[in-house]
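Here are a few friendly notes to read with the model open beside you. Take the points one at a time and find each residue as you go.

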Amino acid sequence: MTSFTKETSSKCSALALKIIAECSTTKARACQLTLPHASVLTPVFMPVGTQGTLKGLLPEQLKRLGCNIMLGNTYHLGNRPGPELMKKAGGLHEFMSWDRNLLTDSGGFQMVSLLKLAKITEEGVEFQSPHDETMMLLTPERSIEIQNALGADIIMQLDDVVSSLVSGPRVEEAMHRTVRWLDRCLKAHSRPHDQNLFPIVQGGLNANLRRQCAEELVKRDVPGFAIGGLSGGEEKHAFWKMVTLSTDVLPKEKPRYLMGVGFPEDLVVCAALGCDMFDCVFPTRTARFGTALVPTGQLNLKNNKFATDFRPIDENCPCSTCKEYKYTRAYLHTIVTYESVACQLLTIHNIAYQLNLMLSIHESIKQDKFPEFIKDFFKKIYPEENYPKWAEESLSSVNVHLREC
């Protein structure tokens, strides 16, 4: 293990990354990321508050869970309430009463999720609003203008996003356009002193294109990097190879953000592959469907076997649902998908699970026990050692072999 406190920051940014320790076996590292509104320990999971709110939770509840950074969505907030009102409100922090860090995406993901409503050209992306069917042109300059108005601590370049299931010339076109759009975003960025603009590595599942994109992006003086265009339905064996390829190229002294990844197994594996930051709607969405995250996997509380189970979701969980109020599995079984309070109670638990998982990863790296942590984590979920092949392969690539004693 390497342990040190070297602190690095971009020449013109409001971000500092202190690498506290590096795993002696894998590519994982434990860091302290300092941003304008709070310090963040990494690896970190960032909950997604699409429209300035995490579904089912108040900002104060999220702070009680120890969350220091969450996401907002530029496309949706740019549509409603819009950047002009956001400026009058003093930015998204003030608007949603959140005094910790925010990250906003660029709106680029909607090229995939709202593809039927979008037209992509070199100028930008023209969307039809799902709210009122009006047309909106999102250019790199407009994306940055909206994000400057929102005032998030980390903002993303507008990238040309294609589905990870697409191959051929469209992927190469999108990769080159992403680099061109980055330069337009950097030129348009008016708040580098208090907002950190991250470029996004694209290239689909093509190793040469993804490496070429990463090598081009690192030529720019930026405070951190994102890895995009993955976790969109591609095979996991292809997914992890693109992740590790990207982290091999991206500089060690700057944060690496893997976009849209949030399944617990993926978080553990991708931390081992060198990623620092993650986000996903998974823990909140699965809560709305009555599923709780636990060290052994997932509990579908709709299942009748929980009807007379008077234990908390997880007896070792420190969240208010489990420890403070001791809501039982039987109670939750009765109300999940029927009462809105069930969504709140499960969301609290699931977010707590994700945040505590990342803190455990951070501490195990500091103690140089991350490989042991990985093996214990997977053994709890797969007690019969029927590990997913992709997980075994990806971890073997960083010298962790799940079947070793």
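**Notes on strands, helices and rings**

1. Start with a facing pair: Ala-16 stands opposite Thr-34, which belongs to β4. Keep in mind that you are looking at a predicted model. The two strands here are β3, residues 16–22, and β4, residues 29–35. They run antiparallel, joined by 6 bridges. Together β3 and β4 make a hairpin, with 6 residues between them.

2. How many of the 7 residues of β3 are buried? The count is 6, so this strand is largely enclosed by the rest of the structure. Buried here means a relative accessible area under 20%.

3. Now look for an open sheet of 5 strands with parallel pairing. Its order is β6-β17-β16-β15-β14. Which strands stand at the edges? They are β6 (44–46) and β14 (200–201); each has a single partner strand, so one side of each is left without a neighbour in the sheet.

4. Within that sheet, follow β16 (residues 256–258) and β17 (residues 277–279), which pair in the parallel sense over 2 bridges. To find one spot on this pairing, go to Leu-258: its bridge partner in β17 is Phe-278.

5. Next, the helices. Two packed helices are described by the angle between their axes and the distance between the axes. For α14 (residues 340–366) and α15 (residues 370–381), the axes come within 8 Å and cross at roughly 145°.

6. Which residues meet where α14 contacts α15? From α14 come Tyr-353, Leu-357, Ser-360, Ile-361, Ser-364 and Ile-365, and from α15 come Phe-370, Phe-373 and Phe-377. Sorted by class, this contact has 7 nonpolar residues, 2 polar ones and no charged ones.

7. Finally, the aromatic rings: the whole structure holds 9 aromatic pairs. One of them joins Phe-377 and Phe-378 edge-to-face, with 5.3 Å from centre to centre and 80° between the planes. Are these two residues buried or exposed? Phe-377 has a relative accessible area of 6%, so Phe-377 is buried; Phe-378, at 0%, is buried too.

8. Phe-378 also pairs with Tyr-382, and this pair is stacked: the centres are 6.3 Å apart and the planes are at 15°. Both Phe-378 and Tyr-382 are buried. To see the wider picture, highlight Phe-370, Phe-373, Phe-377, Phe-378, Tyr-382 and Tyr-387, which form one aromatic cluster. You have already met Phe-370, Phe-373 and Phe-377 in the contact of α15 with α14.

Definitions and conventions. Residues numbered from 1 in each chain as written. Predicted model: local features only at pLDDT ≥ 70, side-chain atom pairs only at ≥ 80, totals over all residues. Heavy atoms only, no water. Phe/Tyr/Trp six-rings, centres within 6.5 Å; stacked < 30°, edge-to-face > 60°. Buried < 20%, exposed > 50% of the residue type's maximum accessible area, 1.4 Å probe, protein only. Axes fitted to C-alpha atoms, helices over the stretch in contact; angles between N-to-C directions. Helix = DSSP H or I, 4+ residues; strand = E, 2+ residues; numbered from the N terminus. Contact = heavy atoms within 4.5 Å. Nonpolar A, V, L, I, M, F, W, Y, C, P; charged D, E, K, R; others polar. Pairing = 2+ DSSP bridges.
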